[in-house]
Structure formats: C-alpha cells, structure tokens
Amino acid sequence: MKRCCFKWLNIGLLVVLFGTARCHAQKEVVYRDYDRLGWAILDSLKRPGAASLFKGMSSLKRETRMLQECSPVVVKPRPAGKRKLKPEEIISQRRESVLMVFKYTRATTRPEAIIPWATAVVLAENGVCVTNCHVLWQLIDTSARLDLRDSLLFVATEAGMVYSITSVLGYDRSGDLAFFKIDPRGDRLIPMPLGSDLPAGASVHLLAHPAGYPYTYTHGRISRTFTKEAGNPFGNRVEITADFAKGSSGGPIMDDRGNMIAMVSCLHPIFYVDQPPSDRQMGIKECIPVSSILRLMGKNGE
C-alpha cells in the first residue's frame with residue numbers, strides 16, 4: 001500500500017513539475033505601441049539625406065508607363081512548409097514577411113502625414129514583393145492623376161525599417177496583381193513561402209493591416225471558389241470568412257502550415273435594401289488565389 005502511495009506521489013510531482021516547466025517555457029506577450037511606430041516612421045523620412053534614398057511617385061509613374069501588362073516577373077518562390085503550425089506560430093514566423101505600405105503626403109494647407117495604405121508580401125530576399133494592382137493604381141493607370149500632396153509610396157516593417165519602392169515589375173488588372181521592387185539597403189528580407197490553391201471549407205489564416213491597425217490576425221475558412229471570367233486564368237477568385245477591411249489589400253492568406261495560398265483583394269457588402277449603409281447583412285471577402293501569383297512569376301514560378 002505504501003509503495004503504491006509513493007508511486008502516485010511521484011507521478012503527481014512529475015505532472016506538477018512538467019506543468020510548471022511549460023508555464024516558464026511560454027513566450028512573453030509583447031505589447032507594441034503602433035502609434036509611436038507611426039511617428040518613428042515619419043521621423044525617419046525627415047532625417048538628413050533620407051530623401052535621396054526614395055523615388056517619388058511622379059518618377060515611378062513615368063517609369064511604369066514603359067511596362068507592358070502581364071510581363072512575367074521571374075522569381076523563385078520560397079518552398080512551401082510541410083509542418084502544421086499553431087496560429088501563434090504562424091503569426092510569429094510569418095510577420096517579418098508582411099510589410100506595411102504607406103503613402104507620404106507633403107505639407108500644403110494641411111500638415112505632412114503618412115497614411116496607412118495597404119499590405120504587401122515579401123517574395124524574395126532581394127526585395128521583390130507582391131500586392132494588389134489597385135494598391136498601385138495611381139502608378140499603373142496612365143489616366144490617373146497624382147494629387148499635389150502625393151509624394152511617396154513606401155513600405156515599412158514592424159521593427160520600423162523603411163524601404164523605398166524602386167520600381168513596378170509587373171501587373172495584371174484582371175488578376176488584381178502587382179509586383180514591385182524595394183531597396184533593402186543590405187538588410188536580409190525573409191520571403192513568404194508559397195503553397196497551393198485550396199478548396200472551399202479549408203482553414204485559412206490572415207495577417208494584414210486593416211484601417212491603420214497593423215499586424216491584425218484573423219482566422220476563418222474558404223467559403224467559395226469561383227471565376228469572374230471563364231477562360232481567363234487570372235479571373236479565378238477565392239472567398240473567405242476571415243475578416244479584413246481597407247488597408248488589408250495585398251495581405252497574405254495562409255494555410256495551416258503558414259504557406260501563402262491567396263491574397264486579399266476586396267470586400268463586397270450585402271444590404272437588405274439597396275440603400276447603404278442601412279441593413280447591412282454580410283460582407284463577401286474576395287481574394288486572389290496563389291496560382292494567379294505563380295502564373296505571373298515566370299513559368300508558374302519555375
């Protein structure tokens with residue numbers, strides 16, 4: 001009887017010790033001051049000599065006029081991960097591949113400011129990134145006029161690093177895709193691994209910057225797959241239940257292994273009556289499948 005009691009006592013001690021060790025092994029929760037990050041980014045733009053590192057929107061627009069639509073952008077994608085990740089692992093391991101896109105507006109009748117514009121994803125260490133075509137529409141559309149205050153489009157990281165957009169590399173309007181190059185200035189960028197298209201019902205994870213709330217994570221499922229234009233491979237679309245809003249454009253939608261399987265595009269609200277904003281019932285969240293991204297990356301990324 002005593003031997004049995006000692007046996008259970010030892011097991012109990014092991015359980016307590018193991019539980020305590022797990023508690024100590026848990027990572028500390030980090031609370032980031034994103035408002036201060038915004039001011040730090042603006043200050044970095046105003047440092048002496050910083051302007052010479054950036055290319056203005058007018059210059060980018062002139063150069064983009066020479067670019068032919070659907071020109072392939074040869075990028076070797078990062079291989080897809082195979083190990084299933086917990087949501088917190090997906091967030092921690094992929095956030096460095098997700099960039100904030102900002103617009104800088106110069107001071108006129110209003111003070112200078114940086115405006116949270118969209119989201120972009122790093123595809124290569126040398127600075128090749130992808131976002132939506134509508135994010136760079138002012139540069140791509142020859143009929144679009146730049147506002148007098150519009151000065152710079154640039155990207156930034158959660159660590160406060162700021163990088164200039166040096167060129168638009170390729171785009172497709174029907175696929176709402178645009179590739180661009182940034183100058184990493186010797187920094188090592190971490191590309192996002194690319195996966196494969198998934199069917200309706202599959203679990204998905206999203207990390208983006210809705211309406212000035214950087215690095216917001218949402219989770220859901222693919223609700224529907226469809227095509228906007230039969231016969232056009234860039235017309236395929238994916239709809240998801242994970243929430244997003246303005247500023248999320250270009251954000252990565254990932255599978256359970258942290259591989260990018262789609263990209264945020266737009267949201268279609270449904271109203272009970274045709275007089276918004278009353279009686280809003282639902283929002284259809286439309287995304288671009290990764291197969292469209294790969295199709296514009298040379299020979300399907302090969």
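Two residues are in contact when heavy atoms of the two lie within 4.5 Å. By that criterion, among contacts in the protein chain of this predicted model between residues at least 6 apart in sequence, 67% join residues at least 24 apart.

**Overall composition**

The protein chain contains six helices and twelve strands. Of its 302 residues, 45% count as buried. The accessible surface of the protein chain comes to about 16,700 Å², and carbon and sulfur atoms account for 56% of that surface.

**Strand β1 and its partners**

Strand β1 (98–105) is largely enclosed by the rest of the structure, because eight of its eight residues are buried. Both faces of β1 are covered. On one side, Val98, Met100, Phe102 and Tyr104 are buried, and on the other side Leu99, Val101, Lys103 and Thr105 are buried as well.

β1 pairs in the antiparallel sense with β2 and also in the antiparallel sense with β4. The table sets out these two pairings.

| Strand paired with β1 | Bridges | A bridge pair (β1 residue and partner) |
|---|---|---|
| β2 | eight bridges | Lys103 and Ile115 |
| β4 (residues 150–156) | six bridges | Val101 and Val155 |

**The second largest pocket**

About 350 Å³ of space lies in the second largest pocket. Its lining consists of 21 residues, and those closest to the centre of the pocket are Tyr34, Gly38, Phe102, Ile114 and Pro116. The elements that each give two or more residues to this lining are α2 (34–45), β1 (98–105) and β2 (113–122). Among these, α2 gives the most, with seven residues. By residue class, the lining of the second largest pocket divides into 15 nonpolar, four polar and two charged residues. Phe102 thus belongs to two parts of this description: Phe102 is one of the residues closest to the pocket centre, and Phe102 is also among the buried residues of β1.

**The surroundings of Leu206**

Leu206 is found in strand β7 (residues 203–208). The relative accessibility of Leu206 is 1%, and the limit for a buried residue is under 20%, so Leu206 counts as buried. Leaving aside residues up to four places away in sequence, Leu206 touches Thr216, Tyr217, Thr218, Ala242, Asp243, Phe244, Gly251, Pro252, Ile253 and Val264. Leu206 and Ile240 are 34 residues apart in sequence, with a C-alpha to C-alpha distance of 9.9 Å.

Key. Residues are numbered from 1 along each chain as its sequence is written. This is a predicted model: local features need pLDDT of at least 70, side-chain atom pairs count only at pLDDT 80 or more; totals for chains, interfaces and linings use all residues. Side-chain values use heavy atoms; hydrogens and water are left out. On a 1 Å grid over the protein atoms alone, a cavity is a set of points where a 1.4 Å probe fits but cannot get out, and a pocket is an open set with protein on both sides within 12 Å along at least five of seven lines; lining residues have an atom within 4 Å of a point. Grid points are joined across faces, edges and corners, and a volume is the space filled by probe spheres set on the points. Helices (H or I, at least four residues) and strands (E, at least two) are DSSP runs, numbered from the N terminus. Ala, Val, Leu, Ile, Met, Phe, Trp, Tyr, Cys and Pro count as nonpolar, Asp, Glu, Lys and Arg as charged, and the others, Gly among them, as polar. Buried means under 20% relative accessible area, exposed over 50%, partly exposed in between (1.4 Å probe, protein chains only). Accessible areas come from the Shrake-Rupley method with a 1.4 Å probe; for residues, only the protein chains shown count as cover. Two strands pair if DSSP finds at least two bridges between them.
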